[in-house]
Amino acid sequence: MSRVVHLHIGAPKTGTTYLQDRLMLNAASLGRHGVAVPGTRTGRTDVFHFRAALDLLDQDWGGAPGHAKGAWDAMVRKVGRADGNVVISHEILAGAKPDKVAKAMNDLAGAEVHVVYSARDLGRQLPAAWQESIKQGRKWPFRRFLTKVERGQTWFFNAMDLPTVLSRWGAKLPPERVHVVTVPHDRGPNGDELWLRFCRAFRIDPAWAPLDSERDNRSLGIAETSLLRKLNRRLELGVWRDPAYDNLIREILAQEVLVSRDAVPVRLPPDRYDFAEHQAGLWIDWIKGSGVDVVGDVEDLRPRRPAEGDPWKDPDHVRAKLELGAALDALTVMTQEAANRTTSDTVGARLRDTARRLRVR
């Protein structure tokens, strides 16, 4: 076949924000070398891929109802018009159910489809996934989140469990067309080892994408995550998948203000490493038995326990003094943001309503 589609399906918290932004920044250069990154003439390419994934999965977050309708069909049409190498990327595809996987494969049947899955050890991925869920409006404590993951009761684990994900997405593909990119423990001499691994998986010469990205989905510290979790409880806005929350709280407060603070990192509790190590063993055994292509080192999937004597800080019980600094930074930026808004909007009205409810408690 003249057309090859590299379908990157995740997992979440494996460098996907950086990857998608770098692909977008270099779309024109990649196109000149026969690599298509489908997008629209206006707007962000990564948003187009996000909406296409939402449409395929029949989901609807981060925008007005129906905002993703037709996006997957538009993606398929763009793939059909492309020659050579096509790259599609969004991490929410990892959690797709079998019927959605079958639809994607049927719609892309005119191309040689390769599935690319980036995987990270659970010692790093679980703290990052919990923080991401808090940034999206969830309120659960870290220990409750971890317990649900261990019981297989969360979307996050369904999207992060390598054998489950690749058994679904690779069911109709020869193993050499399923590629596992392992997230390295060490960034490499130039800090770009993960990017170079993605390039090998996508059959991209790194020289074709010279523009670097400054975007990444950095993690919050224990005080910042605790503050945001308590804010979610207080707002009571039904914020999960709410575009107003997404703009004001997640994008401005969490991703611009709180991530920039010098913070105590969230780490996996010492008593949870046994689970993470057990899962790593299962993943590595599955990879070796499946014959799928590995880009990187499977040993990167084993978590590294902290040094003996290294104290662990519980993100569910943070000292008030630590939270106070984060709260003052948040209050400063939110005040400035309110002053910059010249007209009242739905978010402002809802926040005022919440403030009234708090005063009468």
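This is a short walk through the sheet, the helices packed around it and the nonpolar cores of one model. Keep in mind that the model is predicted.

Okay, let's start with the sheet. We have an open sheet of six strands, ordered β2-β3-β1-β4-β5-β6, and the pairing is parallel. At the edges sit β2, residues 35-36, and β6, residues 293-295, each of them pairing on one side only.

Take the β2 edge. β2 pairs in parallel with β3, residues 84-89, through two bridges. If you want a spot to look at, find valine 35: its bridge partner in β3 is asparagine 85.

Now go over to β5. On one side, β5 pairs with β4 over five bridges, in the parallel sense. The pairing of β5 with β6 is parallel too, with three bridges. Valine 180 is a handy marker here: tyrosine 117 has it as bridge partner, and valine 180 also stands opposite valine 294 in β6.

So how many of the residues in β5 are buried? Five of its five. In a regular strand, side chains alternate between the two faces of the sheet. In β5, Val178, Val180 and Thr182 are on one side, His179 and Val181 are on the other, and both faces are covered.

What lies across the sheet, then? One answer is helix α9, residues 162-169, which lies across β1, β4 and β5. The helix runs at about 175 degrees to β4.

Next, a helix pair. Two packed helices are described by the angle between their axes and the distance between the axes. For α1, residues 16-25, and α10, residues 193-202, that's about 65 degrees and 11 Å. The crossing is right-handed. Who meets whom? From α1 we get Tyr18, Leu19 and Arg22, and from α10 Trp195, Phe198 and Phe202. By class, that contact has five nonpolar residues, one charged and no polar ones.

Last stop, the cores. The largest nonpolar core has 85 residues. Which of them touch the most other members? Those are Ile9, Tyr117, Leu126, Phe145, Leu162, Leu166 and Trp169. Let's zoom in on phenylalanine 145: leaving out residues up to four places away in sequence, Phe145 touches Leu126, Ala129, Trp130, Trp140 and Phe156. Apart from that core there's another one, of 18 residues, including Val37, Val87, Val183 and Ala201.

That's the tour, thanks.

Note on methods: Residues are numbered from 1 along each chain as its sequence is written. This is a predicted model: local features need pLDDT of at least 70, side-chain atom pairs count only at pLDDT 80 or more; totals for chains, interfaces and linings use all residues. Side-chain values use heavy atoms; hydrogens and water are left out. A nonpolar core is a set of buried Ala, Val, Leu, Ile, Met, Phe, Trp, Tyr and Cys residues joined through side-chain atoms within 4.5 Å. Buried means under 20% relative accessible area, exposed over 50%, partly exposed in between (1.4 Å probe, protein chains only). Contact means heavy atoms within 4.5 Å. Two strands pair if DSSP finds at least two bridges between them. Helices (H or I, at least four residues) and strands (E, at least two) are DSSP runs, numbered from the N terminus. Axes are lines fitted to C-alpha atoms, for helices over the stretch in contact, and angles run from 0 to 180 degrees between N-to-C directions. A crossing is left-handed if the near helix is turned anticlockwise from the far one by less than a right angle, and right-handed if clockwise. Ala, Val, Leu, Ile, Met, Phe, Trp, Tyr, Cys and Pro count as nonpolar, Asp, Glu, Lys and Arg as charged, and the others, Gly among them, as polar.
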